[in-house]
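Welcome! Take a moment to look over the protein below, and then let us walk through its structure together.

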Amino acid sequence: PAPAPAPTVAERWPRRAPWLRVVLIAGFLLSLPLQWIEETPSGCGARPGPPVVKTGWELVTRDSKAMGMIAFLMICGLALLALSRARRAGSGTRLAAHVVATATGALLFVLVHFAATFTLFARLKLLPGALVGLCCLALATVEALTRAIGELLALVAARRRRRLDDPPHRS
């Protein structure tokens, strides 16, 4: 018997749990009630003010426009995940959904990181709640990126297979 052909890169690409991105976004949402930062305002004299501890929810809801943008990006990420999981979606549609989900995840991470770390005239200390929330967002973005790369590899492999199966027509 002939040996089996070696698996392609697209076939070897690691498969992932289908609900990983949802769990990571839920982890971010569950980290919002936790304490995220300890802010020590600088005093006008030699003495700094007392430290103020803020939760992730307080940081995210500080500005209504930023809160609306964060909510919109999270909904987009989950909707694109649902689109990519549809049975009738072609690999091009899945690739586009994962690329856009990667971009929205990166933007969401940057917005939340900026909300947690930007301050004027104060010293910040990130607390474990912030690290959990930001790591969940970063991992959800990396998961979308790896899924986009997997879909791209599968699309290229399918195109190569079609090209090998259909010999060029000569007139």
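## The overall picture

How many of the 171 residues of the protein chain count as buried? The share is 30%. Please keep in mind as you read that this is a predicted model.

The protein chain holds six helices and three strands. If you trace the elements from the N terminus on, their order is α-α-β-β-α-α-α-β-α. Contacts also tell us how the chain comes together: among those with a separation of 6 or more, 70% are between residues 24 or more positions apart.

## The strands

Let us begin with the strands. Strand β1 covers residues 35–41 and strand β2 covers residues 52–55; these two run antiparallel and are joined by four bridges. One place to find this pairing on your screen is Glu 38, which stands opposite Val 53 in β2.

β1 also pairs with strand β3, residues 122–126, in the antiparallel sense, this time over five bridges. Here you can look for Glu 39, which stands opposite Leu 124 in β3. In a regular strand, side chains alternate between the two faces of the sheet.

## A helix residue to follow

Now turn to Ile 25, found in helix α2, which spans residues 20–31. Is Ile 25 buried or exposed? Ile 25 counts as buried because its relative accessible area is 8%, and the cut-off for buried is under 20%.

Which residues does Ile 25 touch, leaving aside its neighbours within four places in sequence? Its contacts are Met 74 and Leu 78. Another residue to find is Gly 77: it lies 52 residues from Ile 25 along the chain, yet the C-alpha atoms of the two are separated by 9.2 Å.

## The enclosed space

Ile 25 appears again when we look at empty space inside the model, as one of the lining residues of the largest cavity. The count comes to one cavity of 30 Å³ or more, and the largest cavity holds about 110 Å³ of space. Its lining has 13 residues, and those nearest its centre are Ile 25, Gly 77, Ala 101, Gly 105 and Ala 140.

Four helices, α2, α4, α5 and α6 (128–165), each supply at least two residues of this lining. By type, the lining of the largest cavity divides into eight nonpolar, four polar and one charged residue.

## The open pocket

There is a pocket to explore too: the largest one has a volume of about 200 Å³. The elements giving two or more residues to its lining are α3 (56–60), α4 (64–84) and α5 (91–117). Which of them gives the largest share of the lining? That is α4, with four residues.

Among the residues lining the largest pocket are Leu 59, Arg 62, Asp 63, Lys 65, Met 69 and Phe 114. Sorted by type, the lining contains nine nonpolar residues, no polar ones and three charged ones.

## The cysteines

Finally, how many disulfides are there? The count is zero. Cys 135 is in no disulfide, and its nearest cysteine sulfur, that of Cys 136, is 7.3 Å away. A disulfide needs the two sulfur atoms within 2.5 Å, so this pair does not qualify.

These two cysteines also have their own surroundings to compare. Cys 135 is partly exposed, with a relative accessible area of 44%, whereas Cys 136 counts as buried at 13% relative accessibility.

Methods
Residues are numbered from 1 along each chain as its sequence is written. This is a predicted model: local features need pLDDT of at least 70, side-chain atom pairs count only at pLDDT 80 or more; totals for chains, interfaces and linings use all residues. Side-chain values use heavy atoms; hydrogens and water are left out. On a 1 Å grid over the protein atoms alone, a cavity is a set of points where a 1.4 Å probe fits but cannot get out, and a pocket is an open set with protein on both sides within 12 Å along at least five of seven lines; lining residues have an atom within 4 Å of a point. Grid points are joined across faces, edges and corners, and a volume is the space filled by probe spheres set on the points. Ala, Val, Leu, Ile, Met, Phe, Trp, Tyr, Cys and Pro count as nonpolar, Asp, Glu, Lys and Arg as charged, and the others, Gly among them, as polar. Buried means under 20% relative accessible area, exposed over 50%, partly exposed in between (1.4 Å probe, protein chains only). Contact means heavy atoms within 4.5 Å. Two strands pair if DSSP finds at least two bridges between them.
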